[in-house]
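This briefing covers cysteine pairing, a metal site and internal cavities. The structure is shown first, and the notes follow by topic.

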Amino acid sequence: MPKKVQAFIDDLSGDLVTLSNEVWRFAEVGLQEGESARVQADYLAKQGFSVKTGSGGMPTAFVAEWGSGKPVIGFLGEYDALAGLSQDVSPTKKPVTEGAPGHGCGHNLLGAGALGAAVALKRYLEESGKPGTVRYYGCPAEETLVGKVFMARDGVFNDLDAAITWHPGSLNSVQVGSSNGVNSAKFIFHGKTAHAAGDPFNGRSALDAVELMNVGANYLREHVIPDARLHYVITEGGGQPNVVPARAQVWYYVRAPRRAQVEEIYDRLMDVAKGAALMTGTSFEVDFLAGCYDVLPNETLARVAMEELKEVGAPKWSSEDHEFAAELAKSLDRRQTEAGLKSMNAPAELFSQTLNTTVVEPLDRGKVMPGSTDVGDVSWIVPTVQVSAACWPLGTPGHSWQVTACSGHSIGEKGMLAAASVMARTAVRLLKDPSLIQRAKAEFSSQVKGQEYRSPLPSGLEPPLGQFKDS
Ligand SMILES: [Zn+2]
């Protein structure tokens with residue numbers, strides 16, 4: 001069996017590299033991924049998939065499907081770029097266009113790899129004649145934690161038996177850890193303007209309210225769980241000092257390891273905002289931008305993916321790949337890389353590698369990544385697994401020009417093809433042995449019991465289609 005799946009990936013590899021490179025060049029930020037979504041959707045349509053665009057009310061979201069019956073296996077793809085991370089395929093800093101977006105999180109690879117796994121699974125189903133449905137989810141705007149959350153509210157993941165995805169990284173491994181849930185919201189205070197010297201007594205300062213809210217939030221920190229994170233920036237603070245600001249705005253992120261904790265702290269922050277408004281005689285409204293769940297790992301699926309990853313092995317790096325990586329690694333802080341590896345309890349062999357040449361047992365079991373991903377929402381709806389494949393040197397910081405460079409290089413391409421193979425093989429295992437899906441579901445149900453998925457979005461909220469136009 002596995003040989004066949006590998007043959008499908010080998011056969012598709014040229015197309016997948018082309019798709020990945022096209023999306024790398026488009027470098028479109030969240031909800032503006034018109035071209036990136038189009039090339040993927042067109043390709044899948046040509047491969048015989050039926051494609052529905054516009055899931056969750058987002059023009060750059062789509063679901064492509066092939067086959068019929070159970071099981072229903074979904075692959076999650078992404079394709080959004082990051083503002084300001086334009087970079088050529090060069091080991092030294094050299095933007096393609098200064099200040100333009102770039103694939104500094106490797107989502108061009110992520111999308112192409114997941115798409116490749118979906119097409120390979122379709123070919124397997126076709127050849128074997130087995131029942132089953134394969135889906136590829138074109139998920140926009142991961143970086144702003146929007147895409148999968150709005151798609152989830154639409155119910156598009158509800159009938160899946162398993163969701164499979166990956167993220168490019170520096171290790172060949174499988175993720176079994178979690179990540180923080182988050183709420184992102186802007187608080188807009190409204191006061192009354194006045195001449196700040198002439199008649200300040202007639203004014204009510206919206207900026208005072210923002211400052212008092214921040215003071216309150218900073219006192220709140222001591223009385224929330226230590227793992228929670230509150231961050232804010234003042235996005236509007238008035239025009240000039242001699243005018244009492246009638247309007248001011250502060251943007252908050254509330255993060256915590258579990259969704260319920262995010263909501264509890266967010267409610268308390270809302271009380272802080274109310275208090276600030278009361279103290280200053282102002283009013284406020286909330287612009288809720290995004291919210292997502294923590295990731296619920298599934299050990300059953302992770303074990304299968306890990307077994308398949310061991311069969312596939314690490315990408316085969318050429319001497320040119322090693323040279324590119326060594327040159328690029330000169331821009332990294334070696335001591336920081338080593339400290340990072342130590343803190344992960346990385347095996348000894350990694351300390352002498354620049355590009356990961358081995359398959360690494362999961363290092364994140366029981367850990368919570370401080371950042372957030374909207375894969376979290378899917379993982380609370382259906383058993384989900386996330387593979388990782390080396391696409392850049394160890395110690396490369398996330399969201400960096402170095403990642404953009406590698407995501408357009410054969411290093412990233414090889415990682416992408418390895419991940420596609422691992423994901424397709426994992427899916428084939430699930431098709432061949434239905435007891436694996438049963439076990440994954442039993443594990444999932446026992447974890448979710450009493451905390452069934454509820455969209456983090458306030459009812460009626462529309463996707464922020466205009467929000468990121470200038471980002
Ligand atoms: Zn990412």
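No disulfides turn up when the whole structure, a predicted model, is searched: the count is zero. A disulfide is a covalent bond between the sulfur atoms of two cysteines. The zinc ion is held by one cysteine and two histidines, namely Cys105, His107 and His167. There are also two cavities of 30 Å³ or more.

**Cysteines**
- The cysteine sulfur closest to that of Cys406 belongs to Cys391.
- The two sulfurs lie 8.7 Å apart, which is too far for a bond because a disulfide needs them within 2.5 Å.
- Cys406 is buried, because its relative accessibility of 0% falls under the 20% limit.
- Cys105 also falls under the 20% limit and therefore counts as buried, with a relative accessible area of 13%.

**Zinc site**
- Cys105 coordinates the zinc ion through SG, while His107 and His167 each do so through NE2.
- The coordination distances run from 2.1 to 2.3 Å.
- Along the chain, the zinc donors are spaced as C-x1-H-x59-H.
- Cys105 and His167 are 62 residues apart, and the pair links distant parts of the chain.
- Cys105 sits in the loop between β3 (72–78) and α3 (107–128), whereas His167 is in strand β5 (residues 162–169).

**Largest cavity**
- The largest cavity holds about 70 Å³ of space.
- Its lining includes Gln175, Val176 and Gly177, and also Val295, Leu296, Pro297 and Asn298.
- Ala302, Ser379, Thr384, Val385 and Gln386 are also in the lining of the largest cavity.
- Strand β13 (residues 384–390) gives the most to this lining, with three residues.
- By class, the lining of the largest cavity has six nonpolar and six polar residues, and no charged ones.

**Second largest cavity**
- The second largest cavity contains about 30 Å³ of space.
- Among the residues lining the second largest cavity are Leu296, Pro297, Asn298, Ser379 and Thr384, which are also found in the lining of the largest cavity.
- Val382, Pro383, Glu443 and Phe444 also line the second largest cavity.
- The lining of the second largest cavity divides into five nonpolar, three polar and one charged residues.

Definitions and conventions
Residues are numbered from 1 along each chain as its sequence is written. This is a predicted model: local features need pLDDT of at least 70, side-chain atom pairs count only at pLDDT 80 or more; totals for chains, interfaces and linings use all residues. Side-chain values use heavy atoms; hydrogens and water are left out. On a 1 Å grid over the protein atoms alone, a cavity is a set of points where a 1.4 Å probe fits but cannot get out, and a pocket is an open set with protein on both sides within 12 Å along at least five of seven lines; lining residues have an atom within 4 Å of a point. Grid points are joined across faces, edges and corners, and a volume is the space filled by probe spheres set on the points. Helices (H or I, at least four residues) and strands (E, at least two) are DSSP runs, numbered from the N terminus. Ala, Val, Leu, Ile, Met, Phe, Trp, Tyr, Cys and Pro count as nonpolar, Asp, Glu, Lys and Arg as charged, and the others, Gly among them, as polar. Donors are N, O and S atoms within 2.8 Å of the metal (3.2 Å for Na, K and Ca); water is not among the atoms, so sites may look incomplete. Buried means under 20% relative accessible area, exposed over 50%, partly exposed in between (1.4 Å probe, protein chains only).
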